[in-house]
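Q: Could you walk me through a model with me looking over your shoulder? I'd like to ask about whatever catches my eye.
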Amino acid sequence: MGEYKLLLANVEKPDSEKLEVYRASGGYERLRKALFEMKPEEIVEEVKKSGLRGRGGAGFPTGVKWGFVPKTDEPKYLVCNADEGEPGTFKDRVIIEKDPHLLLEGIAISAYAIGAHEAFIYIRGEYEYGAQVLERAIKEAEEAGILGPNALGSGYDIKITVHRGAGAYVCGEETALLNSLEGRRGHPRIRPPFPASKGLYQHPTVINNVETLATVPFIVERGGDWYASLGTEKSKGTKLFSISGHVNRPGVYELELGTPFKELIYDIAGGIRDGRKLKAVIPGGSSTPMLKAEEIEGVLLDYESLQAAGSMLGSGAVIVMDETTCIVKAVYRMAKFYAHESCGQCTPCREGTRWMVQILTRIVNGQGRMEDLDILLDMKDIMGGNCLCPLGDAALGPLISGITKFRDEFEAHIMTGRCPLGG
Amino acid sequence: MSTVKVTIDGITVEVSPDATILQAAAKAGVDIPYFCYHPFLKPAGLCRMCLVEVEGMPKLAPACVTQVRDGMVVKTNTERVKKAREGIIEFQLLHHPLDCPICDQAGECYLQDITFRYGKATSRFADEKELYPTKFYGPLIVHEQSRCILCKRCVRFSTEVAGGTEWNVYWRAAHSIIGAYDTDTVANYFTANLVEICPVGAITSRLYRYKTRIWKLDFTRSVCDHCEIGCSLDLGVRENQLFKIKHNIMDPTPWLCDKGYYAFDYVNHAERILFPLKRNEKKMVSVSSEDVSDQIAKALEGYKEGEVALIVSPHIVLEDAAAVKSFADALKAKVDYRVYGEDYLPLKTGVSDISDVEGSKNILILCGDVAVSHPVLALSVLKAKFSGANVAVISANDTYLGERSNVFALVPASKEEAIAKDLLEGRLNDALKQALSESELETLRSMLQSEDLMVILGVRASSALRSLAYKISSDKGWKLLALDRGSNPKGLFAMGLYSDGVGGILKGVVDGKVKALLVFGVDLFETYPDAALVKEALSSVEFLVVGDLFFHETAAYADYFLPLVSFAEDSGTVVNLFWSKRRRRRAMEPKGESTSLRKWLASIADRLGVNVTTEVEGLDLSSVEVKLTEGKVEQVDGKFVAVVEPPFYRSAKYAGWCSNFSEASAEPKVVLSIEDAKALGVKEGDKVVVENSRGRFEFRVKLREGQPASSVVLDCGYDRFPVNLLLTGSWKVAVDLKKA
């Protein structure tokens with residue numbers, strides 16, 4: 001099927017982040033159309049029709065999410081989640097740095113659609129350059145009268161503010177993000193109440209990923225039906241994939257959903273480096289269960305196929321591991337990440353992630369015991385589903401899949417006290 | 001109200017639709033274990049101990065935050081729930097030091113109890129435990145991070161109830177620690193609650209550290225002796241020593257202040273006088289209880305009508321008060337309890353419960369720090385504020401509620417009364433306008449226009465202000481709460497234990513009209529705002545009997561000293577702030593030959609051939625009439641006007657004999673405005689001399705932004721530091737300051 005340039009259509013143009021370049025390709029005309037020709041409900045309807053699902057990882061239908069916002073007079077907020085913290089994910093960065101006005105236009109249309117006058121972009125602390133680009137772009141657009149009070153002369157006010165995070169992975173979780181945005185500790189909140197009814201400052205709030213919001217202008221321009229014609233029957237549209245690891249051409253590629261997995265790895269990303277064999281692949285960011293080489297045979301890159309294969313599409317962050325990779329070490333590295341990034345609020349996640357690391361450290365150091373594997377697998381029951389937010393379950397993704405699919409490698413570490421791959 | 005039906009482990013109960021599964025389970029009698037849930041804090045769902053299976057929900061649901069639905073079927077006895085519980089306990093114990101044998105919480109520890117009931121007997125943990133050093137946060141609390149299960153109850157109390165921010169979680173993940181970030185001393189009036197709500201031994205009391213085990217204590221439910229709120233306390237006694245206070249009941253609020261929790265060890269203090277003493281030249285010598293009554297009775301026989309007077313502490317129980325009243329009547333003696341030099345009497349108003357405060361929409365607090373005089377009341381005010389009420393505080397000193405309120409005016413000490421008077425009459429004084437921003441003034445105006453306004457008068461408010469507030473609030477339909485000092489002033493007033501004030505009695509002594517004085521339960525040098533007058537009166541009185549726990553400065557002038565019992569050793573009735581009777585119960589035997597005031601008086605009266613009564617059943621509080629008095633308010637003017645106030649940790653009864661408690665406030669300070677400090681050439685932490693014609697004292701400087709110029713606040717209540725010497729009957733005085 002090959003690449004499909006929708007979101008990435010502009011990024012390779014020179015000075016693509018500038019307003020005039022963006023306007024030359026019809027930029028902000030979609031916002032004009034939305035503000036002058038469409039009612040907010042019509043936009044929500046188009047987005048529902050398009051079948052667009054949240055591109056941050058959870059894949060919740062965007063139009064349905066917007067529909068939860070109560071039709072009251074209280075202030076409402078739109079928050080763009082640009083925290084992009086999932087290891088392996090770097091797709092939003094391309095849009096932010098190379099086509100910021102596309103994102104701003106998407107935010108402005110979406111804010112109008114849900115009745116919000118204020119929108120925030122919560123960008124991860126490490127994206128310092130991205131934050132600068134966005135701030136410059138907002139300034140440009142405000143000076144041109146596109147954003148700000150009376151946007152494009154429509155009488156509708158849209159204020160967009162960039163807020164830089166402070167570096168916590170958990171702040172990509174939407175309620176922790178809201179707490180962080182309010183100036184509190186980035187701890188996830190108990191749900192219900194859901195952000196759509198009580199979010200930022202206890203007002204209705206919609207939180208969407210960068211990629212999701214950047215898709216909205218195209219839906220407004222060409223209609224929900226057109227967007228729904230892309231992709232498969234259930235997974236509609238295009239998706240950005242950030243492929244990394246042992247491939248020849250790692251990077252961000254835009255594909256129609258339903259593209260064969262092997263096409264991404266072997267054609268688009270240029271195959272495994274040095275002609276080695278594929279060992280395992282993590283399809284949707286570090287929290288999604290890994291798949292063995294033979295398991296991606298015939299699997300398509302869409303929500304349903306990956307679920308059927310025992311994993312998830314997630315944020316589309318494909319991490320490719322070739323035959324030289326020590327899975328034990330890979331699992332250990334990811335466990336360390338989650339133990340470091342757990343917010344520490346709820347018991348299973350806080351203690352479970354720390355214990356995992358302690359056990360895996362011993363196994364990696366050659367001091368593992370066979371019963372350790374049972375304890376690690378037992379985490380699925382005592383930790384899985386018992387945590388306050390999805391981080392605890394995310395930590396289980398690589399651990400459980402790693403041990404069940406590569407148990408022999410773990411056992412070899414324990415029995416010989418060293419890595420069979422010499423790592 | 002409609003209800004919904006919920007089935008828990010086969011038991012169907014009807015509960016309100018906004019109940020949680022945990023509340024429904026309590027009604028069904030099904031035990032669901034929890035750590036982080038607390039009935040008076042917002043549920044947080046952190047510990048995951050209360051996970052239960054709900055039919056139709058794919059995941060286990062935390063019972064403390066999951067709302068019930070009609071027809072919901074909950075199971076707590078399934079294999080899945082059992083496994084989850086065992087998992088959570090295993091997680092909690094992974095890095096727990098398991099030092100129960102030396103932990104003060106052992107015996108009342110949630111982690112211990114829940115592990116015994118729901119946990120597994122063995123551990124699969126084979127790695128090294130991560131432990132933290134012990135942290136002493138000042139003289140009141142100890143924090144053991146290693147034992148902490150991070151349920152955040154303490155943090156939630158500090159932020160949701162006490163309105164503070166310093167006590168919080170720091171760092172992240174498994175390395176999260178609880179504590180105060182930039183201070184080594186945590187003494188914020190309500191630290192007791194951190195200890196009480198900690199489900200494990202992470203926060204414990206320093207006073208109780210390594211003293212005894214909880215199961216060795218016998219608990220008696222009594223009433224606190226420190227202020228007229230009268231919180232219910234459980235007194236834990238072992239071998240006739242009072243070791244621990246607990247507050248197990250929501251009476252009147254779920255919370256407790258540090259005075260009630262920490263200021264009790266005077267009961268066991270080694271310096272307590274346990275035998276009667278009589279003067280022999282310059283020495284005091286021991287005398288038997290029989291002889292002392294004989295001798296005092298004989299001495300009193302020689303005095304005529306009006307020559308004897310009694311001064312009693314405002315903390316004595318009604319039974320003692322009845323005895324004092326009948327004794328005084330028989331001797332035709334004057335009696336008074338207003339040992340702080342108050343010129344006012346308690347006012348009976350319509351506020352009948354602390355929930356009236358919590359339900360107010362507007363609260364105006366004048367002349368005094370509610371959190372020092374009536375600490376728990378401040379939490380109720382905050383509760384009202386957190387549910388949307390406007391709270392305004394107008395005070396000459398910085399108060400606990402000040403920064404936590406919507407409107408806070410720090411006003412000059414000399415103008416405090418006038419500002420309060422103007423405000424009640426609907427005028428905003430210029431000095432008040434200076435202290436507030438336009439929006440704050442707007443809030444204040446709207447509060448004064450509201451019908452739902454509660455005025456709380458602090459203990460500094462004069463009788464004139466009280467009378468005015470009483471009249472205006474009855475006209476406008478406002479609620480009024482007038483605070484008094486002591487723990488039973490309303491009862492003593494109802495008993496008629498007042499005459500022309502303690503000042504009047506002391507002046508009578510100096511004038512030679514009163515020749516014999518009996519002082520019970522109070523060190524006048526500490527309480528009366530004119531130490532020179534006290535000294536003059538006590539040196540010139542012919543015959544002085546002092547009864548108390550300790551041999552304090554007033555006792556040093558006595559001819560006879562009678563050992564009294566503390567609140568823990570005596571039963572009795574007190575009348576609380578809301579004019580209802582509360583019962584104190586005896587938790588331990590009287591020490592030595594100490595006995596209650598009524599018994600001493602009965603024994604003396606017996607020898608005088610008169611009868612004393614201890615009958616209080618007949619006291620009808622509903623028929624108490626309001627007695628408005630209007631003393632003269634003396635205008636204090638000078639280069640500097642000082643208001644003298646005890647800091648919280650010196651304001652408890654017998655604070656000087658409560659070592660940990662009083663240590664929390666180590667040194668007397670003077671609060672200065674920044675302009676004044678510049679003019680004097682001093683900075684924070686320097687020493688200044690505060691003097692007037694009557695004395696001079698050195699204070700440590702504390703600067704306060706917003707403090708009006710020429711107005712200072714002096715600390716009092718320190719041992720061997722009689723600031724009262726500067727005063728002339730009022731707690732405000734003109735002084736001069738210079739650099740030390």
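The chat below goes through cavities, single residues and backbone geometry.

Q: Before we start, what kind of model is this?
A: This is a predicted model, so everything below describes a prediction.

Q: OK, cavities then. How many cavities of 30 Å³ or more does the structure hold?
A: There are 12 cavities of 30 Å³ or more in the structure, and the largest cavity has a volume of about 600 Å³.

Q: Which residues lie nearest the centre of that largest cavity?
A: Its lining comprises 38 residues, and those nearest the centre are B:Tyr340, B:Thr527, B:Ser651, B:Ala652 and B:Lys653.

Q: And which elements of chain B each supply at least two residues of the lining?
A: In chain B, helix 10 (370-373), helix 18 and strand 28 (640-645) each contribute at least two residues to the lining of the largest cavity.

Q: How does that lining divide into nonpolar, polar and charged?
A: The lining of the largest cavity has 14 nonpolar, 13 polar and 11 charged residues.

Q: What about the second largest cavity, what volume does it have?
A: The second largest cavity has a volume of about 240 Å³, and of the 22 residues that line it, B:Ile316, B:Asp320, B:Val565, B:Ser566 and B:Lys653 are the closest to its centre. The lining of the second largest cavity divides into nine nonpolar, seven polar and six charged residues.

Q: Back to B:Thr527, where is it found?
A: B:Thr527 belongs to helix 18 of chain B, which covers residues 524-527.

Q: Buried or exposed, and why?
A: B:Thr527 counts as buried because its relative accessibility is 7%, and the cut-off for buried is under 20%.

Q: What does its side chain reach?
A: The side chain of B:Thr527 reaches the backbone oxygen of B:Val339 at 3.2 Å. Leaving aside neighbours within four places in sequence, B:Thr527 is in contact with B:Val339, B:Tyr340, B:Val522, B:Asn724 and B:Trp731.

Q: Switching to chain A, where is A:Asp322, and is it buried or exposed?
A: A:Asp322 is in strand 11 of chain A, residues 317-322, and with a relative accessible area of 0% A:Asp322 is buried.

Q: What does A:Asp322 touch?
A: Not counting residues up to four places away in sequence, A:Asp322 touches A:His246, A:Ile272, A:Arg273, A:Arg276, A:Lys277, A:Leu278 and A:Lys279. In addition, a polar contact of 2.6 Å joins the side chains of A:Asp322 and A:Thr324.

Q: Any backbone oddities? Which peptide bond is cis at A:Arg191?
A: The peptide bond from A:Arg191 to A:Pro192 is cis, with omega near -5°, and another cis peptide bond, with omega about 5°, joins A:Pro192 and A:Pro193. A:Pro192 is in the loop of chain A between helix 8 (174-181) and strand 4 (205-209), and A:Pro193 lies in the loop between helix 8 and strand 4 as well.

Q: And what is phi for B:Trp171?
A: Phi of B:Trp171 is near 60°, a positive value in a residue other than glycine, and B:Ala173, not a glycine either, has a positive phi of about 55°.

Q: Why point those out?
A: Most residues other than glycine have a negative phi, and most peptide bonds are trans.

Q: Where does B:Trp171 lie, and is it buried or exposed?
A: B:Trp171 lies in the loop of chain B between strand 8 (167-170) and strand 9 (177-180), and at 64% relative accessibility B:Trp171 counts as exposed. B:Ala173 is in the loop between strand 8 and strand 9 of chain B too, but B:Ala173 counts as buried, at 2% relative accessibility.

Definitions and conventions
Residues numbered from 1 in each chain as written. Chains lettered and ligands numbered in written order. Predicted model: local features only at pLDDT ≥ 70, side-chain atom pairs only at ≥ 80, totals over all residues. Heavy atoms only, no water. Helix = DSSP H or I, 4+ residues; strand = E, 2+ residues; numbered from the N terminus. Buried < 20%, exposed > 50% of the residue type's maximum accessible area, 1.4 Å probe, protein only. Polar contact = N/O pair within 3.5 Å; in protein donor to acceptor, adjacent residues only side chain to side chain. Contact = heavy atoms within 4.5 Å. 1 Å grid on protein atoms, 1.4 Å probe; cavity = no way out; pocket = protein on both sides within 12 Å on 5 of 7 lines; lining within 4 Å. Points joined across faces, edges and corners; volume = space filled by probe spheres on them. Nonpolar A, V, L, I, M, F, W, Y, C, P; charged D, E, K, R; others polar.
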